[in-house]
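Okay, thanks for having me. Let me put the model up and then walk you through a few spots in it.

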Amino acid sequence: NERILNSKEGFNRFGLDDHYTSDETIPCLDMQTISHSDTTNNNVAASSSLYDVSSQREIREAYMANDNTQQGKIPASDGIHGRSSGSGCCIIRLTGKDATSVRGLVDFADNFFEGVDSGDNESDNDDSNGATSIAARRLKDLGVFRIANNVHAGFDHNVNEEGKMQVLYTKLIPGDDDEDPLLLPLEVGDLVGTKSLSGAHSGMSTLFDIGSQITSAVLGMDTESTNKLLDDCSRTTAKVEMISDNHEQIADTMSNSYQRIIRYLKPKQDEDAQNDAAFWPHVDSTFLTLIPMPEIAGLEVWCPSSRYAESDVMSERGEWVRPIKPTVVDEGAAAGMGAAEANSDDEDCIHVVALAGEFLQLLSDGQVPTCIHRVIAPKPPSPSAFGFGTSNNKYKPRVSAPLFLRPRRGDEAVLDVESDLRDSDNTGLYFEKGLMEECDEMRVWDYMDCMSPNN
């Protein structure tokens, strides 16, 4: 893809004059889960009073590429993406119970790696800590295991033996209406405890809800079509007995969407953090990837220039931008409160980075750009002011908890272009006429074969 090649040659200009900023290029949307948007609930209404919930039109416009700025019809400064034509990235602001539930997922990620580290403490004689250490060692010994074709779970404590990251790959088996999903590997529950695991499920449920709303708004799908095509970890098939002989049937009942927990390890002192990314530029095979904004920055998204995308000067084609917490609130939200209050660090608020994936680009007929992104691990502390040794500041690894929202795999997840995509012009992926007609009446997940036939 030419866009990815452009991004690999691109630069970030953080801190330099006139660089692309997160506030300028990445729209911020205010959202609530369906279950928490009932304004008759006094707690929710109070917690959400500072911000008006974004409309479906605002959500769609935030993700669509801005052709008007690309074609010079309006000044770049007037576009929703500033000087960029659109990155496929938005920041979602959540408040109240929604923010609390997503914090539970963030805490779960931290608890998981604290538990993993406890497995290295062989001398821990405390019963509870000893049990945690045993669970951590079992998880490390288990590694990443295959459940069925293209269905894996487990913990990789050194991905590709590069010393750059550790990753927990989970799989979710949907529960009944009143049950949390079953998270694999099962050892994770033993490691973090029931309370932390329950907090993780609550956070995932919130992100599934928000992701479903975004997908529905962007593609113009009604609730029935969204539920049919998008895997929000709700049960659509009968339960299967959890025995080894049923592993293929168990795999079929699993959610195609999944949670991943990542810890980026300390880079080597002689590595160039700018050029040695932990994750190189790539796109995700998802509708959306939703990432609670980590405390430590590192994610960067490619923001192509709206006017110079074809420039021979590579540095003019776009810039890498780090999504950060918005520093400016909209005028409506700021009405009635002072600037200090409007821009304060609200404890009742959390931000989620939502990246458009390949399926959102495909089903939008190319109107939504797939978000190209990479991760740069934070640099180690600088040497001390005396010119030798190291700083007294201890290195803190970056922990991220992305949720990958994907299409359902079941036989019922078949797209009817005419009825499911009301606003579709049937012009196809990357504006190639005919592909959507080819894929009509196919399972959405099978489109992977159309996009990557030799993969």
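So, to start: which residue in S13 is the bridge partner of Ile91? It's Val353. Before going on, a word on what you're looking at: this is a predicted model, so local features need pLDDT of at least 70, side-chain atom pairs count only at pLDDT 80 or more, and totals for chains, interfaces and linings use all residues. Numbering starts from 1 along each chain as its sequence is written, and side-chain values use heavy atoms, with hydrogens and water left out.

Back to Ile91 and its strand. S2 covers residues 89-95, and 7 of its 7 residues are buried. Buried, here, is under 20% relative accessible area, exposed is over 50%, and partly exposed is in between, with a 1.4 Å probe and protein chains only. In a regular strand the side chains alternate between the two faces of the sheet. For S2, one side has Cys89, Ile91, Arg93 and Thr95, the other has Cys90, Ile92 and Leu94, and they're all buried. As for partners, S2 and strand S13 (residues 349-356) run antiparallel and are joined by 7 bridges. Strand S1 (residues 28-30) pairs with S2 in the parallel sense, over 3 bridges, and there Cys28 sits opposite Ile91. Two strands pair, by the way, if DSSP finds at least two bridges between them.

Now the whole chain. We have 17 helices and 16 strands; these are DSSP runs numbered from the N terminus, with helices being H or I of at least four residues and strands E of at least two. Of the 455 residues, 50% count as buried. Accessible surface comes to about 22100 Å², with 47% of that belonging to carbon and sulfur atoms; that's Shrake-Rupley with a 1.4 Å probe, and for residues only the protein chains shown count as cover. On contacts, meaning heavy atoms within 4.5 Å: among those between residues at least 6 apart in sequence, 75% join residues at least 24 apart.

What about the core? A nonpolar core is a set of buried Ala, Val, Leu, Ile, Met, Phe, Trp, Tyr and Cys residues joined through side-chain atoms within 4.5 Å. The largest one has 62 residues, and the ones touching the most other members are Tyr63, Ile92, Phe112, Ile214, Leu290 and Leu363. Helix H9, residues 194-219, gives the most to this core, with 10 residues. Apart from it lies another core of 20 residues, including Cys89, Ile91, Val301 and Cys371.

Two small residues next. Ala62 is in helix H4 (residues 56-63) and is buried, at 2% relative accessibility. Ignoring neighbours within four places in sequence, Ala62 contacts Pro27, Leu29, Ile80, His81 and Cys90. Ala62 and Ile80 are 18 residues apart in sequence, and their C-alpha atoms are 6.9 Å apart. Then there's Ser22, in helix H2 (residues 22-25), also buried, with a relative accessible area of 6%. With the same four-place exclusion, Ser22 touches Ile91, Val321, Arg322, Pro323 and Ile324.

On to the aromatics. How many aromatic pairs does a search of the whole structure find? It turns up 7. Rings of Phe, Tyr and Trp (its six-membered ring) pair if their centres lie within 6.5 Å; planes under 30 degrees apart are stacked, over 60 edge-to-face, and the rest tilted. Phe112 and Phe113 have ring centres 5.0 Å apart and planes at 75 degrees, so that pair is edge-to-face. Both Phe112 and Phe113 are buried, and ring pairs link them with Phe155 into a cluster. Tyr258 and Phe404 are a stacked pair, at 4.9 Å centre to centre with 20 degrees between the planes. Tyr258 is in strand S8 (residues 258-264) and Phe404 in strand S16 (residues 403-405), so the pair ties together parts 146 residues apart in sequence.

Last stop, an open sheet. Its 4 strands go in the order S9-S14-S11-S12, with antiparallel pairing. S9 (279-282) and S12 (318-321) are at the edges with a single partner strand each, so one side of each has no neighbour in the sheet. S9 and S14 pair over 2 bridges, and Phe279 has Val375 in S14 as its bridge partner. In the loop between S14 (373-375) and strand S15 (398-400) you'll find Lys394, which is exposed at 79% relative accessibility.

That's my tour; happy to take questions.
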